[in-house]
Amino acid sequence: NVRMAAASGYGPWEFWAGPLDDAGNPPEDCSLYDHIWEIRREDIQHFLNSGEVSDNLAAWPWQLGAPVVDGDGITENYNLDGGDLPELLGDQRLWWIMNDRGNTHESTNSEPIGLEVHASAHAFDHIGFVRNVTFYQYHLINKNPTPFIKAYLTFFTDVEIGNFEDEYTGSDSLLHLGYAYNADD
């Protein structure tokens with residue numbers, strides 16, 4: 001059975017905030033998870049230097065699967081005083097959780113896949129090209145009892161570099177990256 005889900009575009013989208021339970025069911029109210037959590041290098045440094053816990057550190061959703069560096073040897077907790085910290089790649093991490101079962105698939109007219117996605121965006125505060133780059137990381141979890149035989153993923157990008165009428169995209173398969181550029185000087 002072919003199943004599809006449109007995660008992004010101009011709507012209607014087919015992913016909703018929140019996790020799926022072990023049976024693959026969405027939360028009763030997906031809006032409770034309609035949030036993007038943030039952690040910054042400053043949050044961690046301030047805690048390590050002063051012991052003061054920022055709102056970002058306190059709210060880190062480890063229980064939903066947000067990545068944590070385990071410092072106390074107990075993987076089932078998030079204990080800042082024991083050395084646990086949010087996993088940070090770069091200087092800022094945004095993390096959110098979504099699923100494709102929270103509502104109907106109006107765009108693809110497909111049955112839901114039963115997919116839970118843990119998504120992250122990483123940014124760097126450095127001089128040079130990496131300052132203008134955002135890295136994305138997706139952890140896909142099949143909560144459907146039927147395993148995937150084949151899966152195809154793609155990314156929607158609406159590039160805006162100057163005038164939207166002369167924007168182009170490309171890819172480099174050897175470097176495993178996509179890029180966007182403006183057609184004129």
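**Surface patch, aromatic pairs and salt bridges**

Let me begin with the surface. Tyr168, Leu174, Leu175, Leu177, Tyr179 and Tyr181 make a nonpolar surface patch of about 660 Å². Please keep in mind that what we are looking at is a predicted model.

Where does the largest share of that nonpolar patch come from? It comes from strand 9, residues 177–182, which supplies 3 residues. Another member of the patch, Leu174, sits in the loop between strand 8 and strand 9. Leu174 counts as exposed because its relative accessibility is 76%, and the cut-off for that class is over 50%.

Three of the patch names come back when we turn to the rings. Tyr168, Tyr179 and Tyr181 form one aromatic cluster. So these tyrosines belong both to the patch and to the cluster.

How many aromatic pairs does the structure hold? There are 5. One of them is formed by Phe124 and Phe135, with an edge-to-face arrangement: the centres are 5.7 Å apart and the planes stand at 85°. This pair links distant parts of the chain, with Phe124 in the loop between strand 6 and strand 7, Phe135 in strand 7, and the two positions 11 residues apart in sequence. Are these two rings buried or exposed? Neither class applies: Phe124 is partly exposed at 25% relative accessibility, and Phe135 is partly exposed at 38%.

Staying in that loop, I want to point out Arg131. Arg131 lies between strand 6, residues 115–123, and strand 7, residues 134–142. Leaving aside residues up to four places away in sequence, Arg131 touches Phe124, Asp125 and His126. Phe124 therefore appears in this contact list as well as in the edge-to-face pair. Arg131 has a relative accessible area of 48%, so it is classed as partly exposed; exposed would need over 50%.

Now the charged side chains. How many salt bridges does a search of the whole structure find? It finds 4, and I will go through some of them.

In one of them, the side chains of Glu38 and Arg40 meet at 2.7 Å, N to O. Glu38 is partly exposed, with 22% relative accessibility. Arg40 is also partly exposed, at 35%.

Next, the side chains of Asp91 and Arg41 form a salt bridge at 3.0 Å, N to O. Asp91 is in the loop between strand 4 (85–86) and strand 5 (92–99), while Arg41 is in helix 1 (residues 41–50), so this pair ties together parts that are 50 residues apart in sequence. Asp91 is buried, with a relative accessible area of 14%, whereas Arg41 is partly exposed at 36%.

Then there is Lys143 with Glu116, whose side chains meet in a salt bridge at 3.4 Å, N to O. Why does this pair tie together separate parts of the sequence? Because Lys143 lies in the loop between strand 7 and strand 8 (167–172) and Glu116 lies in strand 6, parts that are 27 residues apart in sequence. Lys143 is buried, with 18% relative accessible area. Glu116 is buried as well, with a relative accessibility of 4%. Both values count as buried because that class means under 20%.

To return to where I started: strand 9 gives the nonpolar patch its largest share, and Leu174, in the loop between strand 8 and strand 9, is exposed at 76%. That is all from me.

How values were computed. Residues numbered from 1 in each chain as written. Predicted model: local features only at pLDDT ≥ 70, side-chain atom pairs only at ≥ 80, totals over all residues. Heavy atoms only, no water. Helix = DSSP H or I, 4+ residues; strand = E, 2+ residues; numbered from the N terminus. Buried < 20%, exposed > 50% of the residue type's maximum accessible area, 1.4 Å probe, protein only. Contact = heavy atoms within 4.5 Å. Phe/Tyr/Trp six-rings, centres within 6.5 Å; stacked < 30°, edge-to-face > 60°. Patch = residues over 30% accessible without salt bridge, like charges linked within 9 Å, V, L, I, M, F, W, Y side chains within 5 Å. Areas by Shrake-Rupley, 256 points an atom, 1.4 Å probe, with all protein chains shown as cover.
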